[in-house]
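Biologist: I am new to this protein and would like to be led through it slowly, one question at a time. Could we look at it together?

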Amino acid sequence: MDMKKLIVFFTFMLLFAGMSFALGHKDPREGMHPKKSEYKLSKKEFMALYGKDDSAKALINIFFRDRRIGFYVLPLYPAIVILNGIIQPNPNIGDLAVGHPALLGIVGGVTSLTGAYFLISSSRKALYKELKYYELMGHLSDEYGIQVRVSLYKQTKDCKVPPANGDKVPSAK
């Protein structure tokens, strides 16, 4: 068999094997259609129902932190535009003391879109699906695994529990 034909044949087989593998393994979150009563819960209810270990608790904290950021950041665009109109109703072209209206509008718009992204990506339904994925698969998805590990690292780093063997805790300098 010619070398070119052999390379084409193996390339085709690898592509076919990769496609069939990808078709056989679906993300379990895609098929989930939970009822509203399953995911319309408060943070305390999520912690009570699904916070069985540190990773699940950290995931719940991350989602609710992002939701809080979104709620605070989303209304900033209208506030910046209204404040700019009150402070500087008739700006001159070269007047940059308070801020150029177009620049403030762009900054406010980007800030507001960031808040909207946080709200949409950190929905309670997405949290429910992620927690169910964690229960089914036994590990967190790649999307949230790093964030949870960083959160858990920060928690253990800030921990002020004295050593178990009774030694004195070294003073923080």
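The questions and answers below go from the overall fold to single residues.

Biologist: Before we go into detail, how many helices and how many strands are there in the protein?
Modeller: Please keep in mind throughout that this is a predicted model. Read along the sequence, the pattern is α-α-α-α-α-α-α-α, and the count that goes with the protein is eight helices and zero strands.

Biologist: What share of the residues in the protein is buried?
Modeller: A residue counts as buried when its relative accessible area is under 20%. The protein has 173 residues, and the buried ones make up 24%.

Biologist: Which helix gives the most residues to the largest nonpolar core?
Modeller: In soluble globular proteins, nonpolar side chains tend to be buried together. Here the largest nonpolar core has 18 residues, and those touching the most other members are Phe 46, Tyr 50, Leu 59, Ile 60, Leu 127, Leu 131 and Val 148. At least two residues of this core come from each of helix H3 (43-50), helix H4 (54-73), H7 and helix H8 (142-157). The helix that gives the most, with seven residues, is H4.

Biologist: Which residues is Val 148 in contact with, once its neighbours within four places in sequence are left aside?
Modeller: Val 148 is among the core members that touch the most other members. With its neighbours within four places in sequence left aside, its contacts are Ser 55, Ala 58, Leu 59, Ile 62 and Leu 140.

Biologist: Turning to charged side chains, which residue meets Arg 65 in a salt bridge, and is that residue buried or exposed?
Modeller: The structure holds two salt bridges, and in one of them the side chain of Arg 65 meets that of Asp 66, at 3.1 Å from N to O. Arg 65 is partly exposed, with a relative accessible area of 37%. Its partner has a relative accessibility of 9%, so the residue asked about, Asp 66, counts as buried.

Biologist: How far apart along the helix are Glu 135 and Lys 132?
Modeller: These two residues form a salt bridge in which the closest N and O atoms are 3.4 Å apart. Glu 135 counts as partly exposed at 43% relative accessibility, and Lys 132 is also partly exposed, with a relative accessible area of 23%. Because they are three residues apart in helix H7 (residues 124-137), Glu 135 and Lys 132 are separated by about one helical turn.

Biologist: What is the area of the nonpolar surface patch that includes Met 13?
Modeller: Met 13 is found in helix H1 (residues 3-24), where its relative accessibility of 37% makes it partly exposed. Together with Phe 9, Phe 10 and Phe 12, Met 13 makes a nonpolar surface patch of about 420 Å².

Biologist: Is Ser 112 buried or exposed, and which residues is it in contact with beyond its neighbours within four places in sequence?
Modeller: Ser 112 lies in helix H6 (residues 101-121), and at 12% relative accessibility it counts as buried. Leaving those neighbours aside, Ser 112 is in contact with Val 73, Leu 74 and Tyr 77.

Biologist: What is the distance in space between Ala 79 and Gly 108?
Modeller: Ala 79 is found in helix H5 (residues 76-87) and is partly exposed, with a relative accessible area of 33%. Ala 79 and Gly 108 are 29 residues apart in sequence, while their C-alpha to C-alpha distance in space is 8.5 Å.

Methods:
Residues are numbered from 1 along each chain as its sequence is written. This is a predicted model: local features need pLDDT of at least 70, side-chain atom pairs count only at pLDDT 80 or more; totals for chains, interfaces and linings use all residues. Side-chain values use heavy atoms; hydrogens and water are left out. A salt bridge is a side-chain nitrogen of Lys or Arg within 4 Å of a carboxyl oxygen of Asp or Glu. Buried means under 20% relative accessible area, exposed over 50%, partly exposed in between (1.4 Å probe, protein chains only). Helices (H or I, at least four residues) and strands (E, at least two) are DSSP runs, numbered from the N terminus. Patches are made of residues with over 30% relative accessible area and no salt bridge: like charges are joined within 9 Å, nonpolar side chains (Val, Leu, Ile, Met, Phe, Trp, Tyr) within 5 Å. Accessible areas come from the Shrake-Rupley method with a 1.4 Å probe; for residues, only the protein chains shown count as cover. Contact means heavy atoms within 4.5 Å. A nonpolar core is a set of buried Ala, Val, Leu, Ile, Met, Phe, Trp, Tyr and Cys residues joined through side-chain atoms within 4.5 Å.
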